Amino acid sequence: MKDKIGIVIVNYNGEKYQNDALKTIYESSYNNFEVIIVDSGSKDNSIALAKELYPDVHYLLQEENVGVAKGNNIGIHYAIEELKTDYVLLLNNDIELHKDTIRYLMEAANPDTIAVPKIYYYDPKDMLWFAGGAMVWKKGESEHWGNFETDCGQYDMQKTITYSPTCCMLIHKTVFERVGFIDETVFMYFDDTDFCARVNKAGITILYVPKAVLWHKVSSAGGGSDSKVQVYYMTRNKLYYMNKHKSELKFPARIFTYSKFLIKYFISPFYKKNDRYIMKAWKDYRNGKMGRCDNL
């Protein structure tokens, strides 16, 4: 019998793209799954539309925006404890899957192996967003391979990697027993980097499976690349992440990051343009103000 998957999607104002994701999920060649949508205080019509088209989905409606990290945890707990699933597939609501993606990921995954796909930008559809990745401890961050490259088969080798975003990640239920759940302190951004850091430390493999593919409408929920939301949370949460994992970080990495922050703040047009959000992120981190920020 096929293992059962709990597919967890955190929705926030997803009317424009959520149903595209659901459509491709239900067209999958692997069909032993339950879909859980954790709606994070949406103010649009996305849940009403989804309920009309997909009544079998499990809708966990939150009264407010609980964030990506907590939303994922709500869905993970429900999948494992209530639906008794063997695996959890974390998915963004702004993706579209190939029909065989889930099947290929399931063929590669096991209790000691997390499986992740090759990810393209939604437009153009042959431009890579993620083709593997790595933890970059000397900078206190992670990196995508292949970003903005046209796919010519250069990343078609299946391989072990050390980092992947959680916008599509297939995880056996026992992994959460070994490494814990998603860190809700960050609200959104760096939650995936922190999770991968703990997975690596526990000796669990992250396997890049290039024949499993999806298309990602990047940064839709966060307001787009370099929005004030992204700038604030990325800045604040990187500082939090570096402190949390300081035992793994070499001392020069912390000096490098803080020096880079200060230099860019004074000379970079990007930093000057976003100085309000960057400095707020710095001050909030220093004052222990984590979680959701409502006054950007």
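Two strands are treated as paired if DSSP finds at least two bridges between them. Strands (E, at least two residues) and helices (H or I, at least four) are DSSP runs, numbered from the N terminus.

The model is predicted: local features need pLDDT of at least 70, side-chain atom pairs count only at pLDDT 80 or more, and totals for chains, interfaces and linings use all residues. Residues are numbered from 1 along each chain as its sequence is written, and side-chain values use heavy atoms, with hydrogens and water left out.

**Whole protein.** Display the full chain, which has 10 helices and 12 strands. Of its 296 residues, 54% count as buried; buried means under 20% relative accessible area, exposed over 50%, and partly exposed in between (1.4 Å probe, protein chains only).

**Strands 1 and 2.** Select strand 1 (residues 5-11) and strand 2 (residues 33-40). The two run parallel and are joined by 7 bridges. Within this pairing, I5 stands opposite F33 of strand 2. Add helix 1 (residues 18-26), which with strand 1 and strand 2 makes a right-handed β-α-β unit. Right-handed here means that, with the strands pointing away from the viewer, the path from the first strand over the helix to the second runs clockwise. Of the 8 residues of strand 2, 7 are buried.

**On to strand 3.** Next select strand 3 (residues 58-62), which runs parallel to strand 2 and is joined to that strand by 5 bridges. S40 stands opposite Q62 in strand 3. The chain passes from strand 2 through helix 2 (residues 46-53) to strand 3 in another β-α-β crossover, which is right-handed.

**Salt bridges.** A salt bridge is a side-chain nitrogen of Lys or Arg within 4 Å of a carboxyl oxygen of Asp or Glu. The whole structure holds 17 of them.

- Select E34 and K4, whose side chains meet in a salt bridge at 3.8 Å, N to O. E34 lies in strand 2 and K4 in the segment before strand 1, 30 residues apart.
- Select E96 and K217, whose closest N and O atoms are 3.3 Å apart. E96 lies in strand 5 (residues 95-97) and K217 in the loop between strand 12 (205-216) and helix 7 (228-244), so the pair ties together parts 121 residues apart in sequence. Both residues are buried.
- Select D294 and R292, with closest N and O atoms 2.8 Å apart. D294 is exposed at 61% relative accessible area, whereas R292 is partly exposed at 34%.
- Finally, select K99, D100, R103 and E107, which are linked in a network of salt bridges.
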